[in-house]
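Welcome! Below are some short exercises, each followed by a solution that goes step by step. Have a look at the structure, then work along.

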Amino acid sequence: MISENSNGTTVSAQAIEDVRRGFMLVLAAPSGAGKGTIAAKLMEEDANLALSVSATTRQRRAAEEHGVHYFFHEADEFERKIKANELLEWAKVHDNYYGTPRESVDASLNEGKDVLFDIDIAGVRQLQKQAGEDVVSIFVLPPSIAEMHARLKGRGDDDDTAIKRRMKTAIDEVSGWQEFDYIIVNDDLNKAVTTVQSIITAERLKRLRLAKLTGKMDGMIADLKAVIAE
Ligand code: 5GP
């Protein structure tokens, strides 16, 4: 037990939070698994999480806003960004370009925030290659393919051909499940959100993100030696 009169090194959970390096949290899933809803809930409940807003060339849906859900661009502007190395990763999904603007991610990480990504498996692979242990990847599974199909139909965003194309893409995505750190099933939205939040809590305490704790730890070791020497 630490003596109440001790005026040695002290450490608090907040101090650990203040020194840690941020990480990139990737949520990937086949369309219709519900990852968008999970991401929205996570953002609502965690002030330390920043959302990476992607750039895309796909058509804006009725409920979407430029700069909030995506940055919507023409193909030539997107290609300019690729050439100028302004994207951390990019991929072509369903004939449209999607990519992550590098600058905003760097800004959030520098602010000590973790960054949440909703990107496809090709993008995840690029991030993992570039950022290694700074990437935490979660694959969200629908409870069944029938349920996923029903969700896509119910959403009303795509016609039958587009839905078929999304299901075809899903073959690739689900086949890549072994490349992810965590696998969760979204059969209950609140439970899925709580599960991701538990992963976030654990990942924030990973020793490899706490290099800046060295001074405190050295202080504690010195305190131990001082007690022994008494
Ligand atoms: P949607 O058109 O339904 O918004 O997204 C289609 C797919 O593109 C989803 O799987 C989504 O995760 C992926 N996506 C969205 N933004 C990005 C991005 O910045 N990079 C990559 N690689 N994929 C993205």
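**Exercise 1. Find which residues T56 touches, leaving out residues up to four places away in sequence.**

*Solution.* Keep in mind that this is a predicted model.

Step 1. Locate the residue: T56 belongs to strand 3, which covers residues 54–56.

Step 2. List its contacts. T56 touches Y70, F71, F72, H73, F78, Y97 and Y98, once residues up to four places away in sequence are set aside.

Step 3. Check the accessibility. T56 has a relative accessibility of 0%, and buried means under 20%, so T56 counts as buried.

Step 4. Look at its side chain, which reaches the backbone nitrogen of R58 at 3.1 Å.

Step 5. Follow some of the touched residues further. Y70, F72 and Y98 are linked into a cluster by ring pairs.

**Exercise 2. Work out how the rings of W90 and Y97 are arranged: stacked, tilted or edge-to-face.**

*Solution.* Step 1. Decide what to look at. A pair of aromatic rings is described by the distance of the centres and the angle of the planes.

Step 2. See how many pairs there are: searching the whole structure gives 5 aromatic pairs.

Step 3. Take the values for this pair. The ring centres of W90 and Y97 are 5.7 Å apart, and their planes stand at 70°. Planes over 60 degrees apart count as edge-to-face, so the W90 and Y97 pair is edge-to-face.

Step 4. Add the surroundings of each ring. W90 is partly exposed, with a relative accessible area of 33%, whereas Y97 is buried at 11%.

Step 5. Look for a charge by the ring of Y97. The charged end of K92 sits over that ring, 4.8 Å from its centre.

**Exercise 3. Classify the pair formed by F139 and F180, and say which parts of the chain it links.**

*Solution.* Step 1. Read the geometry: the ring centres of F139 and F180 lie 5.0 Å apart, with the planes at 45°. An angle that is neither under 30 nor over 60 degrees counts as tilted, so this pair is tilted.

Step 2. Place both residues on the chain. F139 is in strand 8 (residues 135–141), while F180 is in the loop between helix 7 (160–175) and strand 9 (182–185). The two are 41 residues apart, and the pair links distant parts of the chain.

Step 3. Check the accessibility of each. F139 counts as buried at 1%, and F180 is buried with a relative accessible area of 9%.

**Exercise 4. Describe how the protein surrounds the ligand, and what else D118 contacts.**

*Solution.* Step 1. Start with the neighbours. There are 16 residues around the ligand, and S54, R58, Y70, Y98 and D120 come nearest.

Step 2. Collect some polar distances. R61 has a polar side-chain atom 3.1 Å from an oxygen atom of the ligand. In the side chain of E89, an N or O atom is 2.7 Å from a nitrogen atom of the ligand. For D118, a side-chain N or O atom is 2.8 Å from an oxygen atom of the ligand.

Step 3. Turn to the area. The ligand taken alone exposes 500 Å², and the protein buries 94% of that.

Step 4. Stay with D118, which lies in strand 7 (residues 114–118). D118 is partly exposed, with a relative accessible area of 32%.

Step 5. Find its partners within the protein. Leaving aside neighbours within four places in sequence, D118 is in contact with L27, K35 and G36. With the side chain of K35, the side chain of D118 makes a polar contact at 2.8 Å.

**Exercise 5. Explore H149: where does it lie, and is it buried or partly exposed?**

*Solution.* Step 1. H149 is found in helix 6, residues 145–155.

Step 2. With 33% relative accessibility, H149 counts as partly exposed.

Step 3. Beyond its neighbours within four places in sequence, H149 is in contact with I163 and M167.

Step 4. Compare sequence and space. H149 and G32 are 117 residues apart along the chain, yet their C-alpha atoms are separated by 7.0 Å.

**Exercise 6. Sum up the protein chain as a whole.**

*Solution.* Step 1. The secondary structure comes to 9 helices and 9 strands.

Step 2. Of the chain's 230 residues, 40% count as buried.

Step 3. Among contacts between residues at least 6 apart in sequence, 68% join residues at least 24 apart.

Methods: Residues numbered from 1 in each chain as written. Predicted model: local features only at pLDDT ≥ 70, side-chain atom pairs only at ≥ 80, totals over all residues. Heavy atoms only, no water. Phe/Tyr/Trp six-rings, centres within 6.5 Å; stacked < 30°, edge-to-face > 60°. Buried < 20%, exposed > 50% of the residue type's maximum accessible area, 1.4 Å probe, protein only. Helix = DSSP H or I, 4+ residues; strand = E, 2+ residues; numbered from the N terminus. Lys NZ or Arg CZ within 6 Å of the ring centre and 35° of its normal. Near = heavy atom within 4 Å. Polar contact = N/O pair within 3.5 Å; in protein donor to acceptor, adjacent residues only side chain to side chain. Areas by Shrake-Rupley, 256 points an atom, 1.4 Å probe, with all protein chains shown as cover. Contact = heavy atoms within 4.5 Å.
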